[in-house]
Every structure is written in structure tokens, then in C-alpha cells.
Amino acid sequence: MEQLIPNHGNYKKLLSYQKTNVIFCLTYYFVEHYLQKGDRTYDQMLQAARSGKQNIIEGSAASSTSAKTEIKLVNVAKASLQELLEDYEDYLKTRGHRQWAEGLAELEAMRKLGKEHSDAEYFMALAETRPPETIANMCIVLIKQADYLLYRQLQRLSEDFIKEGGFTERMYRMRKDLRDSKDFRDTKDPKVTKEYRP
């Protein structure tokens, strides 16, 4: 039976959330160790990383009653990660470090790790033994993977919304189903009402 306010499950099970949580933890470590507090980039990167994670949480919380809000917030998460991606790329360019290009062994190895692992502890252990340019490149790979996951998530949410509608449509369907049900019609029948009148 259809529920008016369905339980959409635990957001922590979403792969997009797990990936953005890794990105947030790595970014926090990165700015704390390699940028100065008070630097505008420090705050921007931290906020963008947090926004990528938090908007997935808020979108998941809103999903039961507003598909539109969920889609909007997931899109905000995606946009925040794009901003963070630019900051990491700028960090590498302005300091003369190379960004891993297609075909490089480091890039392929990191892509493989990003597909196989989604726990922050694993990547934090790696970051603690790597120089800042390597951490920046690691984050760039993870951000691009998270961006793809969010793109797929938006596609699915949009398709579900088109097929099933949102909260208002669900409420209308349930009320219509109730009105069309035999039990509901029987209670509206004058004969039935009279028969059960005390």
C-alpha cells in the first residue's frame, strides 16, 4: 500500500554521501595543514566541501514531502563540488604543481581506489603520508567521481518525479483511492447509514 510520507532510508547508505564525506574530511585536513586560517580560500574550500555533503543530507530529509526540494538540494551539492574542484586546480596551478593527466599511472591508480573505497578513514591514512600536491590530486579525482554519482542521482530523481509526481500528487491519489474503495462507498450509502444508526 502506498504511504503518504514514505521512509526513504538512511542517507548514509547513499554512495554520493559517502564520497562527499571523504572529500570533506580530506579537505578539512588539507586546509588545516597547507592553507592559513583567515585566508579566504581556506574558508571557501571548507564551506564548499561541507555544502557538498550537507545538501545531500538535507535533500534526503526533504525527500518524503518534497521531491522538488530534494532535486534542488542535490543540484546545490553538485555545484558546490564544482567550486571546490576549481579551488584544488587553482592550488596546483598557482604553486607550479602538475595535475594528473589522462594516462598517468597515478591517475588510474586513484580512480581505482575511488571506486573500491568510500570510507574516510582509508583515504585519511593515505593523506597523512602524502605531500599537498598529491592530496589535491586525490581530491580532484574523488570530486569528479562524486560529481558523476550526483548526476546519476539527479537523473533518477527527475525520472521518479515525472513518473510518480510529488507529495501533492501522492496525496491526491490516496484520497481518490479511498473515495473509490468499496468500504468508503458503503459508508456513504443511506441504507447502510440507516441500518447502523443506533
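# A tour of the helices, rings and charges

Start by selecting Glu108 and Arg111: the two sit 3 residues apart in helix α4, about one turn of the helix. Helices here are DSSP runs of H or I with at least four residues, numbered from the N terminus. Before you go on, note that this is a predicted model, in which local features need pLDDT of at least 70 and side-chain atom pairs count only at pLDDT 80 or more, while totals for chains, interfaces and linings use all residues. Residues are numbered from 1 along each chain as its sequence is written, and side-chain values use heavy atoms, with hydrogens and water left out.

**Stop 1: charged pairs**

Zoom in on the side chains of Glu108 and Arg111, which meet in a salt bridge, 3.1 Å from N to O. The term salt bridge is used for a side-chain nitrogen of Lys or Arg within 4 Å of a carboxyl oxygen of Asp or Glu. Are these two residues open to the outside? Glu108 is partly exposed, at 38% relative accessibility, and Arg111 is partly exposed too, at 27%. As for the words, buried means under 20% relative accessible area, exposed means over 50%, and partly exposed is in between (1.4 Å probe, protein chains only). Now add Glu102 to your selection: salt bridges with shared partners join Glu102, Glu108 and Arg111 into one network.Next, select Arg98 and Glu106. These residues form a salt bridge whose closest N and O atoms are 2.7 Å apart. Arg98 is partly exposed at 47%, and Glu106 is partly exposed at 32%.

Then move to Lys93 and Asp90, whose side chains meet in a salt bridge of 3.6 Å, N to O. Lys93 and Asp90 are 3 residues apart in helix α3, so about one helical turn separates them. Lys93 is exposed, with a relative accessible area of 58%, whereas Asp90 is partly exposed, with 30%. How many salt bridges does the structure hold? There are 7.

**Stop 2: aromatic rings**

Now show the rings. The structure holds 6 aromatic pairs. Rings of Phe, Tyr and Trp (its six-membered ring) pair if their centres lie within 6.5 Å; planes under 30 degrees apart count as stacked, over 60 as edge-to-face, and the rest as tilted.

Select Phe24 and Tyr28. Their ring centres are 6.5 Å apart and their planes are at 40°, so this pair is tilted. Both residues belong to helix α1 (residues 15–34), and being 4 residues apart they are separated by about one helical turn. Tyr28 is partly exposed, at 41% relative accessibility.

For another arrangement, select Phe30 and Tyr91. This aromatic pair is edge-to-face, with 4.9 Å centre to centre and 80° between the planes. Phe30 is in helix α1 and Tyr91 is in helix α3 (residues 67–94), so with their positions 61 residues apart, the pair links distant parts of the chain. Is Phe30 buried or exposed? Phe30 is buried, at 0% relative accessibility, and Tyr91 is buried as well, at 7%. Add Tyr34 and Tyr88 to see a cluster, since ring pairs link Phe30, Tyr34, Tyr88 and Tyr91.

Go back to Phe24 and bring up Lys53. Lys53 lies over the face of Phe24, at 5.0 Å from the ring centre. A charge sits over a ring if NZ of Lys or CZ of Arg is within 6 Å of the ring centre and within 35 degrees of the ring normal.

**Stop 3: the nonpolar core**

A nonpolar core is a set of buried Ala, Val, Leu, Ile, Met, Phe, Trp, Tyr and Cys residues joined through side-chain atoms within 4.5 Å. Select Leu26, Phe30, Leu84, Tyr88 and Phe123: of the 44 residues in the largest nonpolar core, these touch the most other members. Helices α1, α2 (40–62), α3, α4 (105–116), α5 and α6 (132–164) each supply at least two residues of this core. Which helix gives the most? That is α6, with 12 residues.

Pick out Leu84 and look around. Leaving out residues up to four places away in sequence, Leu84 touches Ile23, Thr27, Met45, Ala48, Ala49 and Ile143. Contact means heavy atoms within 4.5 Å.

**Stop 4: Met124 and the cysteines**

Select Met124 in helix α5 (residues 120–127). Met124 is buried, with a relative accessible area of 19%. Apart from neighbours within four places in sequence, Met124 is in contact with Cys25, Leu26 and Tyr29. Met124 and Tyr29 are 95 residues apart in sequence, yet their C-alpha atoms are 8.2 Å apart in space.

Finish with Cys25 and Cys139. Cys25 is partly exposed, at 23% relative accessibility, and Cys139 is buried, at 0%. How many disulfides does the structure hold? The number is 0, where a disulfide is a pair of cysteine sulfur atoms within 2.5 Å.
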